[in-house]
Amino acid sequence: MARMSFILHRLLLLVPVAVGVTIIVFFMIHLIPGDPARTILGLHATPHAIAELHREWGLNRPLASQYWLFLDRLVHGDLGQSLYYQTPARELIFSRVPVTVWLIVYAAVLAIVISVPLAMLAASRKNGVRDQAVRAIPLVGLGMPQFLTGIVLIYLFALRLKLFPVGGYGSGLGGHLRSMFLPSLTVAIGLAPVIIRSLRASMLEVLGSDYVTTARSKGVHGSRLLIRHVLRNAVIPAVTVLGINIGFLVGTTLIVENVFAIPGIGQLMIQSIFARDFPVVQGVTLVFGVIVVLVNLLTDVAYTALDPRVRFGR
Amino acid sequence: MAHRTRPFRALAAAAAGTVIAVVAAACSSGTASPASSGGGGKPVRGGNLIIARTADSQSMNNTTVFDNESIWVFEQIFQPLYTVTPNGKGVMPWLATSYTLSPNKLTYTFTLRKGVKFSTGKPMTSADVKFSLDQARAASKGWGYIDTAIKSVADPTPSTVVINLKYPWAPLLADLSLFSNAIVPANYGGQSEAQFYTHPVGTGPFKWDYWTKGQALKLVRNPYYWEPGKPYLNSVTWTYVADDNTRQLQVKGGQAQVDEFPAWSTVSTLKSTSGVAMDLFPSTRTDYLAFNELRKPFNDVHVRRAISLAINRKALVQAVLFGNGTPANSLFPPQVPYYQQATPGLQYNLAAAKKEMAASSVPHGFSTIMLIQSGNSDQLTIAQILQSELKPLGINLTIQQLDPNTATTDFQTLHYDMTLSYWTMDIPDPDELVTFSVDPNAGSKSFFTAYNNPTVVKEARQAEQTLTTSARATLYNHIQDQIASDAFMSFLYYSPYAYATASTVHGFVVTPLGNYHLENVWLGK
């Protein structure tokens with residue numbers, strides 16, 4: 001009951017977030033220089049053609065009137081018409097959201113799969129050789145630009161070993177799993193070092209606590225000690241780190257989407273900003289805002305699942 | 001804790017060993033030998049050609065859209081009465097087979113090709129042609145201006161179309177070869193215009209399959225196509241792959257067969273890559289440096305000439321195109337009819353540049369801003385080279401990088417000093433380019449430079465209505481000479497269309513206007 005109430009309360013927060021985001025983005029994108037009509041018309045942008053397109057798109061109306069129209073459509077679930085593609089912006093955006101969600105979730109899973117064993121390995125012998133190696137080597141992934149990591153992975157695993165396709169989203173579950181592995185791994189390689197360090201630090205802290213000493217004295221050692229008694233208590237700070245990074249990822253998957261030719265929302269956002277495709281920019285930003293709020297909510301819910309001492313509303 | 005570390009040690013060792021083995025296997029290089037080109041052999045039916053391209057299409061509405069990525073796709077669906085010849089300098093019969101011209105040069109009567117059907121199986125008739133041309137003419141925010149000379153279109157018999165002109169019009173056949181004048185079913189086959197263009201129907205070799213925006217667009221073979229035995233391919237798919245490296249890797253890995261516009265820096269490597277053919281098709285692309293004559297001192301012809309003479313175009317070709325291009329001497333590229341090789345477009349001569357500067361209104365130099373698009377490495381390279389080459393003239397050039405949309409808006413509203421632009425021909429006739437470039441009243445403000453030479457404008461108008469080839473040649477030669485002398489823009493270089501194709505691809509040829517006929521393409525083994 002407390003959990004449901006907490007979740008509902010947080011979901012209601014989406015409304016002021018959405019309104020705030022739409023106001024800021026609407027006026028920002030309309031006030032910066034540039035004209036969507038010139039993207040469509042290119043060198044053939046005569047004053048007459050520009051004026052006609054502005055009339056057709058309602059861009060000749062006052063800004064406040066345009067914003068009111070946008071809000072009116074929004075409450076009916078209509079995000080307007082893409083000025084670039086001349087198709088409903090909602091269709092365009094929602095066809096891309098699953099792609100980016102796939103990328104982020106898959107990357108998070110891979111980041112966890114990489115980080116947890118390595119953090120355990122490092123924490124099991126503090127300042128030992130493997131601890132030093134685990135702390136140092138993943139930093140290469142953190143320091144390397146994502147586009148370079150991506151190209152290297154494509155070259156090795158797609159072109160030379162032919163284990164994965166060179167980019168694309170694939171079709172069907174199996175196709176997506178295969179096509180999205182390398183791009184997700186690219187993102188995970190950037191995420192893992194931060195999670196490893198955070199998890200390692202909390203595990204070392206927990207390893208020094210009294211109940212762990214008690215467990216050792218009772219004969220619990222090695223991986224059993226780490227997994228059953230240490231990990232669950234040490235993971236909460238790492239969950240926070242993961243949640244924050246996933247929030248950042250939502251808007252920054254563009255590079256990976258570009259390198260791997262994935263039709264995600266990051267790519268759509270950049271293309272729409274350059275083209276001044278106002279309805280799509282507004283719609284994408286709204287979706288970003290909602291996703292970030294949902295990710296934060298999931299992170300908070302995860303705390304209570306991991307630690308029964310954490311209660312909703314306290 | 002020694003016994004507790006054993007599982008971890010084994011795991012770490014196994015993981016390290018696997019990674020080393022995988023990397024070693026992947027890095028072992030095969031033999032690199034020059035690719036065998038895709039020529040020769042008998043066409044084979046079947047296969048899906050995948051073209052990895054730099055941008056997505058925008059719309060399939062051939063009367064209103066201006067982006068090449070849309071045009072090159074719907075040219076496989078729609079066909080015009082005449083089409084561009086392979087060398088890009090003329091037209092040849094396509095959906096029409098011949099025409100007659102009235103003695104007063106105002107009425108063209110076209111005979112339509114027999115046996116042409118739309119992909120629905122419905123025969124094409126003159127009613128479809130009349131409808132299509134009337135729609136194209138009415139596209140006021142699109143390509144309607146190209147048909148300004150047409151007064152009316154009639155369809156007296158199912159196989160005859162009559163076009164009445166307002167005045168004699170030399171570029172008519174070239175205008176009719178433009179994709180905007182391609183033939184669609186009358187009344188859009190009973191649909192609205194918007195509905196029709198979401199799944200368009202034409203007489204071309206391919207018909208609509210699907211378009212997942214931002215991802216892939218696919219056409220499949222038109223079973224009713226009129227050229228016997230063609231197309232050879234079952235289907236063509238255009239995929240959107242923005243990254244240069246990824247497109248190249250896809251062709252090398254077999255995931256795509258055509259890489260559209262590989263980076264210039266990779267051309268020489270691709271030429272020696274096994275299994276890949278690197279083609280540089282002659283194109284009509286010309287790159288220019290534009291001057292805003294509404295701003296001092298660019299209204300001074302000596303300043304413009306001085307800058308033009310100070311530019312080492314060969315160096316630009318090396319630095320930007322990695323040698324894959326030639327210095328430009330004229331507004332016209334060599335693949336355009338009436339291009340004059342002898343046009344004395346100003347070439348690098350620093351002494352002459354200094355003399356021009358000395359004779360100008362700013363003999364000691366000035367400061368100026370060069371506007372370029374951010375993220376465009378070619379434009380940045382050109383700007384940096386010009387920055388250094390104009391210093392001896394006393395010109396301090398500051399490079400201003402703006403996002404592409406803002407840079408375009410500033411260019412087209414003449415809020416700039418100098419900037420870069422380019423042109424590729426839409427029709428095999430210089431009329432559109434000349435009107436766009438020299439006529440301040442044509443809507444483009446003389447290629448957004450505010451250049452105004454009434455003699456040149458008059459000659460351009462005369463050339464439009466002069467049907468005699470030699471007379472047109474004389475007019476266009478003079479136009480080229482004059483605008484080169486006026487240096488309203490600096491003509492920088494001509495560059496080819498670069499395509500890397502898998503060696504299994506045969507018959508892929510790009511005309512100088514950028515379009516390609518995929519009905520001639522086939523995939524070998």
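This report walks through a predicted two-chain model, from the overall build of each chain to the contact between them and some local details of chain B.

Residues are numbered from 1 along each chain as its sequence is written, and chains are lettered from A, with ligands numbered from 1, in the order in which they are written. Because the model is predicted, local features need pLDDT of at least 70 and side-chain atom pairs count only at pLDDT 80 or more, while totals for chains, interfaces and linings use all residues.

## The two chains

Let's begin with the elements. Helices (H or I, at least four residues) and strands (E, at least two) are DSSP runs, numbered from the N terminus. A residue is buried if 20 or more other C-beta atoms lie within 10 Å of its own, exposed if 12 or fewer, and partly exposed in between, with C-beta atoms placed from the backbone. Two residues are in contact if their C-beta atoms, placed from the backbone, lie within 7 Å.

| Chain | Helices and strands | Span along principal axes | Buried share |
|---|---|---|---|
| Chain A | 16 helices, zero strands | roughly 85 × 55 × 35 Å | 40% of 314 residues |
| Chain B | 16 helices, 19 strands | about 100 × 70 × 40 Å | 51% of 525 residues |

Among contacts between residues at least 6 apart in sequence, 72% in chain A join residues at least 24 apart; for chain B that share is 71%. The radius of gyration of chain B, taken over C-alpha atoms, is 26 Å, which agrees with the value near 24 Å for a compact globule of 525 residues. That globule rule is 2.2 Å times the number of residues to the power 0.38.

## Where the chains meet

The contact draws 49 residues from chain A and 38 residues from chain B. On the chain A side, several helices each supply at least two residues, among them H6 (89–124), H9 (146–160) and H13 (222–252). H9(A) gives the largest share, seven residues. By class, this side of chain A has 27 nonpolar, 14 polar and eight charged residues. Here Ala, Val, Leu, Ile, Met, Phe, Trp, Tyr, Cys and Pro count as nonpolar, Asp, Glu, Lys and Arg as charged, and the others, Gly among them, as polar.

## An antiparallel sheet in chain B

Two strands pair if DSSP finds at least two bridges between them. In chain B, four strands make an open antiparallel sheet in the order E4-E5-E7-E6. Strands E4 (96–101) and E6 (150–157) of chain B are at the edges with a single partner strand each, so one side of each has no neighbour in the sheet. From one strand to the next, the twist averages 20°.

E5(B) (residues 107–112) and E7(B) (residues 160–165) share five bridges, and B:Thr107 stands opposite B:Asn164. Helix H3(B) (residues 126–138) packs on the sheet, touching E5, E6 and E7 of chain B, and its direction makes about 165° with that of E6(B). Axes are lines fitted to C-alpha atoms, for helices over the stretch in contact, and angles run from 0 to 180 degrees between N-to-C directions.

Five bridges also join E4(B) to E5(B), with B:Leu101 partnered by B:Tyr108. Their hairpin has five residues between the strands, and B:Lys105 takes a positive phi near 65° there.

## Parallel strands and a crossover

Further along chain B, E14 (residues 366–373) and E15 (residues 395–402) run parallel and are joined by eight bridges. B:Ser367 has B:Asn396 as its bridge partner in E15(B). The chain passes from E14(B) through helix H11(B) (residues 377–389) to E15(B) in a right-handed β-α-β crossover: with the strands pointing away from the viewer, the path from the first strand over the helix to the second runs clockwise. E14(B) also pairs in the parallel sense with E16(B) (residues 418–423) over two bridges, where B:Leu371 meets B:Thr419.

## A buried helix and a buried loop residue

How many residues of H13(B) (residues 431–438) are buried? Eight of the eight are, so this helix is largely enclosed by the rest of the structure. Its cover includes E16, H14 (445–450), H15 (454–464) and H16 (469–486) of chain B.

B:Glu432, one of the buried residues of H13(B), is touched by B:Ile146, as are B:Asp175, B:Leu178 and B:Ser180. B:Ile146 lies in the loop between H3 and E6 of chain B, and counts as buried because it has 23 C-beta neighbours inside 10 Å. B:Ile146 and B:Asn62 are 84 residues apart in sequence, with their C-alpha atoms 13 Å apart in space.

Technical notes
Lists of a residue's contacts leave out its neighbours within four places in sequence.
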